[in-house]
Amino acid sequence: MASISRSLRRSLAPDTCHRLLLQARGFVTAECHRPVVLHKRGPDILHDPWFNRGTAFSMTERDRLGLRGLLPPSVVSSQQQIDRFMLDLKRLEQNARDGPSDTYQLAKWRILNRLHDRNETMYYKVLIDNIEEYAPIVYTPTVGAVCQNYSGLFRRPRGMYFSAEDRGEMMSMVYNWPADQVDMIVVTDGSRILGLGDLGVQGMGIAIGKLDLYVAAAGINPQRVLPVMIDVGTNNEKLLKDPLYLGLQEHRLEGEEYVEIIDEFMEAVFSRWPNVIVQFEDFQSKWAFRLLQRYRNTYRMFNDDVQGTAGVAIAGLLGAVRAQGRPMIDFPKQKIVVAGAGSAGIGVVNAASRTMARMLGNNDVAFESARSQFWIVDAHGLVTEERADIDPDARPFARRKSELTHQGLSEGASLLEVVKKVKPDVILGLSAVGGLFSKEVLEALKDSSSSRPAIFAMSNPTKNAECTPEEAFSILGEKVVFSSGSPFDNVDLGDGKIGHSNQGNNMYLFPGIGLGTLLSGARIVSDGMLQAAAERLASYMKEEEVLQGIIYPPTSRIREITQEVAAAVVREAVAENIAEGYRDMDARELASLSEEETVDYVKNNMWNPVYPTVVYKRD
């Protein structure tokens, strides 16, 4: 045979191909055993089912083929890949025998993920049109299970991986990503994924899920988003011993070594994409605040756990004031007990106190008055100035000795004691401790000084919620306002009455913050922009809805909400004189837009999932 066609060779087993070649030619060198010459590099290889071998590419091959940074850093054998697949298959078989469970949601995620791999436009069309059903699958709560099982679920790479072994290489690695323009990056180091702890490289699932919502809710072009994992090791002993784990199996870097890696990453991505926006996601508290302060005045970045969670909480807190039939200006009178002193908890307290202070005049007296409205309870109890080695971020809100005497409280007082003594208007949970708002705590809230107390059980995923709506309404009745971080069903209270379960999810804000920053051309994400986003979300709900206890809108309206939030962010950036414009719209033209015109400007710049005309151009 003059030759065996290339397509035929691919379809034949190696020994069959070799035998046919021997018959056709009188020597033994078989094409099937020669090196394969590829006329493609990087993602083109990974997206080609003929040549992609995923995590089995050696480091030498990754460097040669432009794959470094496009795969998790661990190199695995083909047998390990088979083992991972078979383990996943056995889990599905077990689920088929025992009936639906958490794995049922993972099965939905797999089906959507396969569609994403095959047809991105159709994937986002399905997601947008069914956002209420599928947002909990691509984002919280299912994304938590995805991250926990990511090494087993991994099939085709998405995004970039930068590891401790890539020091000195990141500036060149960013050019392995094919897009010349990237608008949005979500980056995590996997150290604190939701309330699930250190999941290492498996935290990549949260970055992917967040960017799915940037596309679906904010209309960011999916070809201009980039999920990123920075793998500096893991302190999760189970993962360190797991032969199927895809990340670096070494303990986390700490101190200046850690900061140097994040510095190198930030310099690299902003060197290639100067206008990109970077959202930090699920970094442990000790790094979340430090990195935010390190970069926020230099780069276009924000931390969703610190600032996004805070904004959504503020919107809900303002809504809770309205639900009491009072104007939002009465917010500084609210007494708030916060359970949880991590990055999210302290972020909420900081932002809420600034909001109160602004309403009171934005002076020293106003800030002191706002500070006095918060009681922070962590794993060791009430945080006071008497505590040794107090977290610097919590110190401004530590209760003073003179206040403790007056309130009958002491350092380390339990959550139950604090609720009984303070009689708060609001209890807000960001503790990641499921069931923390016990029956006794909820009973104590009956004595709240508010006519309509509010419960915010904001920890994710669902199992970490401080209480359920059923527990809250069964004890406090219809007068309570309830919100959670993950979705729960409304509660039937009988006699035609409904206990509304609000979901205070970050997805109401972070897409609009990112989109508004992009379209304003603001060089930084300012506190004012974040505040404008929160206040627009708070005012979005109609008065009759709020009085029924509905303080957050349904996710079915997410694109409309995002348009409004993004427009508020754009207007604030213009007002602060930090907007530089976007594409053909310069800062002066942005300033001339009315509120309605700004919303139209945002809407017209949102990507929609429609098939474009495709034209081929020869190289």
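**Figure 1. Surroundings of aspartate 117 in helix 6 of the predicted model.** Aspartate 117 lies in helix 6, which comprises residues 102–118. With a relative accessibility of 22%, aspartate 117 counts as partly exposed, because burial requires a value under 20%. When residues up to four places away in sequence are not counted, aspartate 117 touches Arg156 and Arg158. Proline 157 is 40 residues from aspartate 117 along the chain, and the C-alpha atoms of the two are separated by 9.7 Å.

**Figure 2. The five-stranded open sheet.** The strands follow the order 1-3-2-4-5, and their pairing is parallel. Strand 1 (160–163) and strand 5 (301–303) are the edge strands, each pairing on one side only. Neighbouring strands of this sheet are turned against each other by 20° on average, direction ignored. As a rule, the strands of a sheet pair through backbone hydrogen bonds, either parallel or antiparallel. In its entirety, the protein has 28 helices and 14 strands.

**Figure 3. Edge strand 1 and its pairing with strand 3.** Strand 1 and strand 3 run parallel and are joined by four bridges. Within this pairing, phenylalanine 162 has isoleucine 230 of strand 3 as its bridge partner. Met160 and Phe162 point one way from strand 1, while Tyr161 and Ser163 point the other way. Are these four side chains buried or exposed? All of them are buried.

**Figure 4. Strand 2 between strand 3 and strand 4.** Strand 2 pairs with strand 3 in the parallel sense over five bridges, and valine 186 stands opposite proline 227 of strand 3. Four bridges join strand 2 (residues 184–188) to strand 4 (residues 277–280), and this pair also runs parallel. Methionine 184 stands opposite isoleucine 277 in strand 4. Strand 2 is mostly covered, with five of its five residues buried. Met184, Val186 and Thr188 point one way from the strand, and Ile185 and Val187 the other way.

**Figure 5. Helix 14 and helix 23 packed on the sheet.** Which strands does helix 14 (residues 255–272) touch? Helix 14 touches strand 1, strand 2, strand 3 (225–231), strand 4 and strand 5, and its direction makes about 150° with that of strand 4. Helix 23 (residues 510–520) also packs on the sheet, touching strand 2, strand 4 and strand 5. The direction of helix 23 makes about 155° with that of strand 4.

**Figure 6. Burial of helix 23 and the glycine that follows.** Helix 23 is mostly covered: eleven of its eleven residues are buried. Among them are Phe510, Pro511, Ile513, Leu515, Leu518 and Leu519, together with Gly512, Gly514 and Gly516. Thr517 and Ser520 of helix 23 are buried as well. Just after the helix, glycine 521 takes a positive phi of about 75°.

**Figure 7. Serine 526 in the loop between helix 23 and helix 24.** Serine 526 precedes helix 24 (527–540) in this loop. Its relative accessible area is 8%, so serine 526 is buried. Leaving aside neighbours within four places in sequence, serine 526 is in contact with Arg296, Glu576 and Ile578. Serine 526 and arginine 296 are 230 residues apart in sequence, yet their C-alpha atoms are 8.3 Å apart in space. For the protein, residues 24 or more positions apart account for 70% of the contacts with a separation of 6 or more.

**Figure 8. Packing of helix 15 against helix 17.** Helix 15 (residues 285–295) and helix 17 (residues 343–360) pack at an angle of about 45°, with their axes 9 Å apart. The two helices are therefore oblique to each other. Ser285, Ala288 and Phe289 in helix 15 meet Ser343, Ile346 and Gly347 in helix 17. The residues of this contact divide into three nonpolar, three polar and no charged. In an α-helix, residues three or four places apart point the same way, because there are 3.6 residues a turn.

**Figure 9. Two buried cysteines.** Cysteine 147 has 0% relative accessibility and therefore counts as buried. Cysteine 467, at 1% relative accessibility, is likewise counted as buried. How many disulfides does the structure hold? The structure holds zero disulfides. Of the 619 residues in the protein, 56% are buried.

Definitions and conventions: Residues are numbered from 1 along each chain as its sequence is written. This is a predicted model: local features need pLDDT of at least 70, side-chain atom pairs count only at pLDDT 80 or more; totals for chains, interfaces and linings use all residues. Side-chain values use heavy atoms; hydrogens and water are left out. Two strands pair if DSSP finds at least two bridges between them. Axes are lines fitted to C-alpha atoms, for helices over the stretch in contact, and angles run from 0 to 180 degrees between N-to-C directions. Contact means heavy atoms within 4.5 Å. A disulfide is a pair of cysteine sulfur atoms within 2.5 Å. Buried means under 20% relative accessible area, exposed over 50%, partly exposed in between (1.4 Å probe, protein chains only). Angles under 35 degrees count as roughly parallel, over 145 as roughly antiparallel, 65 to 115 as roughly perpendicular and the rest as oblique. Ala, Val, Leu, Ile, Met, Phe, Trp, Tyr, Cys and Pro count as nonpolar, Asp, Glu, Lys and Arg as charged, and the others, Gly among them, as polar.
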